[in-house]
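Open your viewer and get ready to pick side chains. This tour follows charged pairs, one selection at a time.

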Amino acid sequence: MASSLFSRTLLGHRLVQFSSSLPQKPLIFSSVLNKRQFRLQAQPTYTTYKTSGRPSRFIASSAIETRTNFSTQSLSTSDPVVSVDWLHAKLRGPDMKVLDASWYMPDEQRNPIQEYQVAHIPGALFFDVDGIADRTTKLPHMLPSEEAFAAAVSALGIQNNDGLVVYDGKGIFSAARVWWMFRVLGHDRIWVLDGGLPRWRASGYDVESSASSDAILKASAASEAIEKVYQGQTAGPVTFQTKFQPHLVWTLDQVRRNIKEKTHQHIDARSKPRFDGAAPEPRKGIRSGHVPGSKCIPFPQMLDASQTLLPADELKKRFDEEGISLERPVATSCGTVVTACVLALVLSLTVLLFYLYL
């Protein structure tokens with residue numbers, strides 16, 4: 001069911017007119033608003049993900065635990081961002097794994113695996129956004145099936161009791177996408193490093209300038225494992241169990257209805273020229289423009305000059321300027337399931353109701 005999740009959304013979004021021939025696959029990631037002032041909570045609050053009958057709970061916000069005897073079990077799953085200082089202090093935690101999830105737009109001509117080999121946070125594993133993807137579609141980095149994701153993540157040596165901190169080479173960009181992937185496949189114990197590798201290096205913290213043979217072998221094994229799954233072969237021992245979250249999605253019919261009924265606000269994370277159709281899409285054959293009724297808040301507006309998240313009051317101002325009410329549900333979209341996740345991360349941080357239409 002999950003294997004075609006993103007392949008359908010890209011086509012539906014870019015055509016703008018939703019074709020009735022598209023399969024009725026789930027397309028939207030959702031959570032539910034805890035209505036209160038826009039602020040980071042110092043005390044725990046609770047948010048419910050709405051389902052068709054049975055709610056699922058998670059802690060919506062609480063202060064991050066900073067005890068010396070650290071375990072990621074003590075870290076709130078609702079504060080989705082951690083600082084470089086925090087990570088540096090906790091880097092060698094017993095159940096902590098760090099993922100380099102760098103990915104770049106095609107026109108940037110940057111190679112994430114090569115950059116990982118040149119410099120990465122000590123001990124970090126490489127998570128290949130393009131490689132850990134659905135192999136049944138030509139669309140880029142679509143969400144893989146549960147079986148394929150579990151095989152790839154297991155090959156990386158990740159287990160369900162691990163706490164994960166994910167970062168990228170730009171600040172906050174593709175790391176948010178991997179944060180979302182793990183959550184939609186049932187793993188909440190994942191956090192994004194605010195400011196990513198640039199912030200880590202600017203803070204004077206050490207990087208490893210060469211990847212260990214073990215790390216390279218694991219990255220290669222993850223790609224091989226996912227390929228085997230799609231070829232119907234046994235991928236090897238599975239140490240990570242997925243649990244796809246059907247209550248975190250909308251159907252295509254719900255997307256269509258929202259265009260007419262406007263029950264949910266829709267924010268597009270792409271640049272204004274792409275949103276307006278004045279600039280071509282970076283991939284050939286993709287129609288310009290935007291979903292009717294949506295508004296444009298380019299994801300860089302969530303970040304400061306150092307590519308870390310803005311303070312909560314500044315984030316609120318960005319939404320206010322575009323007429324987005326923080327008391328109503330929000331849908332976010334982008335091109336190929338990357339920058340919409342940045343907005344989703346911000347909305348998760350601010351305890352907002354959001355739906356992710358990618």
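**Salt-bridge tour**

Start with Arg 274 and Glu 281: both are buried. Keep in mind that this is a predicted model.

Show the two side chains. Arg 274 and Glu 281 form a salt bridge, with N and O 2.6 Å apart.

Now add Asp 268 and Arg 270 to the selection. Shared salt-bridge partners join Asp 268, Arg 270, Arg 274 and Glu 281 into one network.

Next, zoom in on Arg 270 and Glu 281. Their closest N and O atoms lie 2.8 Å apart, in another salt bridge. This pair links distant parts of the chain, 11 residues apart. To place the two ends, colour by secondary structure. Arg 270 sits in the loop between β9 (265-268) and α9 (272-276). Glu 281 sits in the loop between α9 and β10 (295-296). Is this pair buried or exposed? Arg 270 is buried, and Glu 281 is buried too.

Leave the network and select Arg 183 with Asp 188. They form a salt bridge as well, the closest N and O atoms being 4.0 Å apart. Turn on a surface and check each partner. How buried is Arg 183? Its relative accessibility is 4%, so Arg 183 counts as buried, the cut-off being under 20%. Asp 188 has a relative accessible area of 30%, so this residue is partly exposed.

Finally, zoom out to the full model. How many salt bridges does a search of the whole structure find? The search finds 13. Among them are Arg 274 with Glu 281, Arg 270 with Glu 281, and Arg 183 with Asp 188.

Key: Residues are numbered from 1 along each chain as its sequence is written. This is a predicted model: local features need pLDDT of at least 70, side-chain atom pairs count only at pLDDT 80 or more; totals for chains, interfaces and linings use all residues. Side-chain values use heavy atoms; hydrogens and water are left out. A salt bridge is a side-chain nitrogen of Lys or Arg within 4 Å of a carboxyl oxygen of Asp or Glu. Buried means under 20% relative accessible area, exposed over 50%, partly exposed in between (1.4 Å probe, protein chains only). Helices (H or I, at least four residues) and strands (E, at least two) are DSSP runs, numbered from the N terminus.
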